[in-house]
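Dear colleague,

I am passing on a structure that you have not yet worked with, and below it I set out what was found. Please read the notes with the structure open beside them.

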2 protein chains.
Amino acid sequence: MYLLPLFLGGFFYAQNFKEDSTQFRKISDEILTKGKGYEDLRELTKNIGNRLSGSANYEKATQWALQKLKDAGADKVWLQPVMVNVWTRGKESLQVKIGNGKWQNIKMLSLGNSEGTQGKDLKGHLILVKSIEDFQKLPAEVIKDKIVFFNYPFKQEFIVTGQAYGDAGKYRRITASEVAKKGGKAVIIRSLTSNFDDVPHTGSLKYEDGIAKIPAVAIGAETAEELEKALLKRQLVEVVLNSNCGMNGQKLTHSVIGEITGNKDNSVIVVGGHLDSWDVGEGAHDDGAGIVQSIEVLRSFKNLNIKNNHTIRVVCFANEENGLSGGRTYLENVKKSGEPHLFALESDSGGFTPRGFSVGMNAEKAQSMKSWEKLFNPYGIYEFTGNYGGADITPLRELNVPVSNFSTDSQRYFDIHHTPEDTFEKVNRRELLLGAAVMTQLIYMVDQNW
Amino acid sequence: MYLLPLFLGGFFYAQNFKEDSTQFRKISDEILTKGKGYEDLRELTKNIGNRLSGSANYEKATQWALQKLKDAGADKVWLQPVMVNVWTRGKESLQVKIGNGKWQNIKMLSLGNSEGTQGKDLKGHLILVKSIEDFQKLPAEVIKDKIVFFNYPFKQEFIVTGQAYGDAGKYRRITASEVAKKGGKAVIIRSLTSNFDDVPHTGSLKYEDGIAKIPAVAIGAETAEELEKALLKRQLVEVVLNSNCGMNGQKLTHSVIGEITGNKDNSVIVVGGHLDSWDVGEGAHDDGAGIVQSIEVLRSFKNLNIKNNHTIRVVCFANEENGLSGGRTYLENVKKSGEPHLFALESDSGGFTPRGFSVGMNAEKAQSMKSWEKLFNPYGIYEFTGNYGGADITPLRELNVPVSNFSTDSQRYFDIHHTPEDTFEKVNRRELLLGAAVMTQLIYMVDQNW
């Protein structure tokens, strides 16, 4: 009496597994042998280049993405208006003088959204702090009029470098306002980098409301070590900072959207990345990779003639790097339209070898996704953990949309993240395409089963 | 009655798991924060460079490795004599003329162990073959006096690129003798490469006894495509090959060995890679990585003051690339000495992110190793599959020694394998050191449990 249904269940499961395995293989073969994502990325990075929200390059990128989505076979493409706060870098320089030494120019990048010095020299003495905890213990009179140097190293012990980035992140995000509260003039941080070179990494800071907005810049690890050495020897370090960075009003720009219509219903499955990038390098891993992979998902559904039950929608979000207006605006539009959303997947961890998918969803959905693990194992995917869903799709959680972050091999990402070194040459063709393949496989499973 | 032993078993297991986890973390912290492997690799690749067996550079490398093993804390180091057949490249060139076009020089590398043309021009017409199966169908009169071009592409569909390498490998290894049997003059193969650039990849061929030894060379994928296009259009392609490559007698050289003595017994655990490399590039991934990782295993046992039960022996094998004399000689020495060997681990899949360990051993031992999987998961290791044990340690299977190949993320390896591009710059510090960490963890578990 009990055996029959169990047996049939097992039979159906095995049958599904075989069919799904075959489909997984078709998807993988299609993308690894005919995928266009790598050539798409070459175009985006080499013909357009970096593309901060508000820049002329970003506008070029929106037109490029619109065309690519059409070429990939989208049934419908459109631009979604997004209002962004515009930040521009302008000319910037940092000079230091150690003890009786000579003035030297050091490599630096202002943090994104940082105010500058309006082209005037900001001068001051440098004070070394190793951690925020140490900083909190220092009285305001020690900080007043000083330029504070946070030399908090990126912790190499973390196996997943994203955790080291999380650990060190506050030094970039909050130190400017903390220092301003005690009367400091400016902040210099050691870059959030897993590397030991001298490349500075930018990235956004956030000023607290009602607190003076002092400039904040990042320097490379080598210079950071050198400055620390001098300061520990009690040498006087004088600094001159000059920067034309700052906010430049608002601008209406766009996220770019393309979709293939569902054959069964109009509920939406989102797959996306962010189209903007920092204003240095080429935004290749961050997040050109996520954009071309998402387009590849749509293209391979069309090329393989997969009949999608639900609408599969590629969203190329605006303004992830310095405002998140793209993701928030998308949520507002969903609220207005009332379109049901089944699932959202983001690729914004670089175009590296796939490792897994996070499960930012309720236990039942998470269990369903994990039950597909054996299908993914042959593609090197073993990890279905974590709750984080990607910056642009996180707002959708307000509507209880299940979200997932495509997670990749993290070892090389923070060597080049937010730097001039984030270029096309750093992306490996097979790693990028394999990512697109497993993303397509996941979207396929959600479309068939949810 | 049944519950107590089960419960205790569970308790002991949990207790061991906790202790082993702690030790795994210590090993990982040690290597990721204080590991010297990356700087060691810089020395080996930049101060010495490529090092084919028989070359002066290889001799330098043996002295370097001996010193490094001493510095790492080996109780005992020595050179193990190995007789190798010496192959040298010499000047080489390949010119082609398509139809009525101009003669052009194309990028090429003779295959390792290939005979050359003694500096004379070897001229002939090119004939295209897509596969060995197609070749077998062609009568000898079609092949006679021709230069045969095998344009068999590396299959992108394989997820693990080593499988694509295995699939295409025979085109490098056996085609020279096959073509000679039908009276052909020379062989050109499309390089065994996952890339679409024009970099030729070398690697060894094997001549059959009693068959004429005709020259064989590799060309890059781009040129291969171009030649195929011309030949499919029935254009005449004339070729002039000139090469001074060839075998140059025998030479006595050495594998380099260092060990820390066992505290409990003298049974031996081997960990190693090969010290030789091809004569182009810097032999960074292949196999400088395996050498510095193996030294790192020994160094971290010493630095962490782990009391090893058994002798842990690092072997830097000679002559993996074009003869395997190092591995075979090691086996002969073990046979003579009668030293019991518990286990051998080889790292020769490049210094990329760890993925797993193969289990070239009996079912009981394989089961034991797999039972450690959960300890390895936090370090990104999920795969305990495959039977292959690494070329240098495979001979030990004759004595039933359990062998394991450290397997890595394979996506980038065959872009640069056996080419001038296999340089230090292609190795990522964290990926390399994480590999050393998991190798040390595995050696620790074997030492404690077997």
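How many bridges join strand 7 of chain B to strand 8 of chain B? In this predicted model there are 4 bridges between strand 7 and strand 8 (residues 216-219) of chain B, and the two strands run parallel. B:Ile189 of strand 7 stands opposite B:Ala218 in strand 8 of chain B.

Strand 7 of chain B is also joined by 4 bridges to strand 6 (residues 147-150) of chain B, again in a parallel arrangement, and here B:Ile189 is the bridge partner of B:Phe150. Strand 7 itself covers residues 186-190, and 5 of its 5 residues are buried. B:Ala186, B:Ile188 and B:Arg190 point one way from this strand, whereas B:Val187 and B:Ile189 point the other way.

The second topic is the contact between the two chains, to which chain B and chain A each give 29 residues. Together they bury about 2,600 Å², with 51% of it on carbon and sulfur atoms. Across this interface there are 20 residue pairs in polar contact, counting pairs with both residues at pLDDT 80 or more. The elements that give two or more residues to the side of chain B that touches chain A are helix 1 (3-34), strand 14 (354-357) and helix 14 (429-449) of chain B, and helix 1 gives the most, with 5 residues. By class, that side of chain B has 9 nonpolar, 9 polar and 11 charged residues.

Finally, the count of salt bridges between chain B and chain A is 2; B:Glu431 forms a salt bridge with A:Arg412, where the closest N and O atoms are 3.5 Å apart.

With best regards

Methods
Residues numbered from 1 in each chain as written. Chains lettered and ligands numbered in written order. Predicted model: local features only at pLDDT ≥ 70, side-chain atom pairs only at ≥ 80, totals over all residues. Heavy atoms only, no water. Buried < 20%, exposed > 50% of the residue type's maximum accessible area, 1.4 Å probe, protein only. Pairing = 2+ DSSP bridges. Contact = heavy atoms within 4.5 Å. Buried area = accessible area lost by both parts, 1.4 Å probe. Salt bridge = Lys/Arg side-chain N within 4 Å of Asp/Glu carboxyl O. Polar contact = N/O pair within 3.5 Å; in protein donor to acceptor, adjacent residues only side chain to side chain. Nonpolar A, V, L, I, M, F, W, Y, C, P; charged D, E, K, R; others polar.
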